[in-house]
Amino acid sequence: MKTGIITLVGNNYGNRLQNYAVQELLKEYGDVYTVKYEKKVSTAVKQSRLKKYTLNHIKAAVDSRLLNIYHLSNRKMNTVTRFTYFIKHRNEIKTALSKRDEAFRVFDETYINYEKELLHLTGDDNEDWVKSYDAWVCGSDQIWNPTYPTATRNAFLQFASEHRRIALSASIGLSDIKVMLPEYADWMKGIPYLSVREERAAEIVGTLTDKKAEVFLDPTMLIPLEKWCEITDAAHTKLPEHFAVGYFLGVREKVYLDYIQNEIKDLDYVDLLNGEATEYLTFGPDHVIDAIRKAEIVFVDSFHGAVFSILFHKQFVVFERSEEGKTMNSRLETLLKRFGLENRIYTGNNIEMLRQPINYSGVDKILIAERVRVRTFLDQAMEEIAKLPKENVKITKHIEINRREKCSGCTACSQSCPKKCITMQADEEGFMYPFVDIDKCIECGKCKAVCPVLYHEYGNEPLQVLAEKNKNEHIRSTSSSGGVFYELASQFIKNGGVVYGCALDETMVARHICVDNTADLDKLKSSKYVQSNMENTLSEIKERLLAGQKVLFSGTPCQNAGLRNYLGKDYENLFLVDVLCHGVPSPKLFSDYLEYLSKEYDDGKPISVNFRNKQRGWKRLYMEVKFDNGKRHYIYSGYDRYEGMFLNNMSLRPSCYECKFTTTERYGDITLGDFWGIGKKYSQWDDDKGISVVMLNTDKGNSYYEQIADKFDARKEELNTAKAGQRTLYAPTKKNPNRDAFYNLYIEKGCKEALEQYTNVPSKFVRGYYAVMRVGLDIVRRILRKGY
């Protein structure tokens, strides 16, 4: 059997640990995959500007950000002193959080099996990949918390056939039935195998549906302790010899801190998720349970902190926690009641009782009984589901784009069609998609076979990673990053080859063109933040390769993968360069933007566009558009409406948010991009004129690079250093929640209204203020760079 898990997915200790536990529980029945899914857009009511600037609102906003992002909640400090602490220590806090993110990535890669497809809010019910699953399980953790953006039909498995749905220890997290969403009753009724994690959740289910839900323990308690011991043994966590653990998700109240300090006496204190203890803020899920396992006493307001304290038979104390005035303790109360440990909650009047050793003699017996209960529940559900007939899967040999996220627009399908019955046509957003003339189609299947989204072999892990600056300052200043591509392409042409890359033509349309002389290489230099038109590029390249000509192709990873699939084999005379890609905006939007901009500049015709003008530095992007009437649009990218949309992930192609190629396994012989963050390691070497990350992925890439190595000031780097500054090496760009609303307005009302509604360009006064602040920041940076 093949089972899919729908649960909370994110950098949260509890949800990663319970995800692993659910996976291990279900492995007994076959293959198991966790499926990521879209979240709903927040519908919070906008507050008036006047209210936003009240002291109470500002204080609440600062407190919330300090707690939820930077984990600063010490109530021995007031808001001002906490904020001052953050300003003083923000670099070390942010560095620790970056290391924490990496620890979560490593945990996921090591312990969680993920489905490669993303589940959307609508439209996936009949997708072939969905129907390939025999059973679907939602849970555990607060997957049904109505205040979370994950509380959608997908969290209740509405996309799957009803008889295949199982809720396993699903949690609501809140006690008030009045805050449940109107759809909850119908959604819950549609789950035949129904269990929850809290007594209160079972009561809510009963009230809404008249159905009885089983109440099970959290899955983390339902797998053998040996599983957790194996994980902690492999964690190699750096910990003091004798210590206590603090694990707080909510506010660290002054009275709590005073009590803890008095109790731990001479023990070291490992305070997890605390911006004041950055050495422990870096911990991943495995390190956290390792710390609890080895602690002498544990203080928590976290549900899973209490869970692992019980599993490892620790002395522990539970504290009250609330979020926005709503108590978060219903699940903790159910947990403690189940094991007869209600007296472990701190009240302020029970200090002596909390010091008494916990009697764990009955806990293991309860765990064994509960594990039998849940196994009986799952056995029955899986046995009945196994008897169901397989879902009918519609199979077609020709390419079908049922979801726009499944097409990157690479043109491999249209150029491979022997009957030429596939044309690339723009949709209303302006992105190109294949359209098949069914009357001419012979169902040969070639178009589908070459699709890089459907079929892509794994690429190559880098053999070497470099940070590079071109020694020629002119080339570097006119390139997006460190000036590496120009040298690659120039040497290739000198060796008798031709170069394909993206250029803006005389009408400012991005196209892939062929360059056979160094004089024209400037057309290919610098980034173009718009999807290029590939037209017949792939077929032209194949003709040249078959004729024995050397070809260098530069493009996005999906374009590289599309070319490789189209060719069907490796060619010794082909050299591939893939770029680290944030995503591609719509060509139609770009054209309309230039028309919109033209009207602001006396109807001048755009004659050149530089998306990455580095006149004021590499890290401070400026958009530059020149017009035939001598006018010039030159503005900080954050203030340019088009580039602001790009940087805020609002204008990208749908497939970019689910890119299959955001990985360290690369499709080019060489990968190029910005080496963001390298200045943290080499503050003096980073002169803010551009540094490239260069990944040599194949022997061909290595040997070719040696021909131009002397042109660069280069430093060997670790792959993880590159990953820290480039999300595209491990995950797709996050979709802006307003992305679809923007394009809907763009389609309905046009470019001007859509851009002006969804971008915020500050006034000249505010921009002037920021400019003054940046001058001061530049002075500080120069001082630091000089080492004074």
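**Close-up views of a predicted model**

**View 1. Helix H26 tucks several side chains away.** In helix H26 (residues 739-749), the residues Arg739, Phe742, Tyr743, Leu745 and Tyr746 are buried, where buried means under 20% relative accessible area, with a 1.4 Å probe and protein chains only. Helices here are DSSP runs of H or I with at least four residues, strands are E runs of at least two, and both are numbered from the N terminus. Looking down the axis of H26, you'd find its buried residues within an arc of 160°, so they line one face of the helix; the arc is that of the directions from the helix axis to the C-beta atoms. An α-helix has 3.6 residues a turn, so residues three or four places apart point the same way. The cover over these buried residues of H26 includes helix H22 (587-600), helix H23 (641-647) and helix H27 (751-758). Right after H26 comes Gly750, with a positive phi near 100°.

This is a predicted model, so local features need pLDDT of at least 70 and side-chain atom pairs count only at pLDDT 80 or more, while totals for chains, interfaces and linings use all residues. Residues are numbered from 1 along each chain as its sequence is written, and side-chain values use heavy atoms, leaving out hydrogens and water.

**View 2. Eight strands line up in an open sheet.** Their order is S17-S16-S18-S19-S23-S24-S15-S25, and the pairing is mixed; two strands pair if DSSP finds at least two bridges between them. Strand S17 (510-515) and strand S25 (712-717) sit at the edges with a single partner strand each, so one side of each has no neighbour in the sheet. From one strand to the next, the twist averages 25°. Zoom in on S15 (residues 464-470) and S24 (residues 692-696): they run antiparallel, joined by 5 bridges. There, Leu466 has Val694 in S24 as its bridge partner.

**View 3. Trp228 sits in the largest nonpolar core.** A nonpolar core is a set of buried Ala, Val, Leu, Ile, Met, Phe, Trp, Tyr and Cys residues joined through side-chain atoms within 4.5 Å. This one has 75 residues, and Trp228, Val245 and Phe316 touch the most other members. Helix H15 (residues 363-386) gives the largest share, 8 residues. Leaving aside residues up to four places away in sequence, Trp228 touches Leu17, Tyr20, Ala21, Thr220, Ile223, Ile289, Phe308, Leu311 and Phe312, and contact means heavy atoms within 4.5 Å.

Methods
Axes fitted to C-alpha atoms, helices over the stretch in contact; angles between N-to-C directions. Buried < 20%, exposed > 50% of the residue type's maximum accessible area, 1.4 Å probe, protein only.
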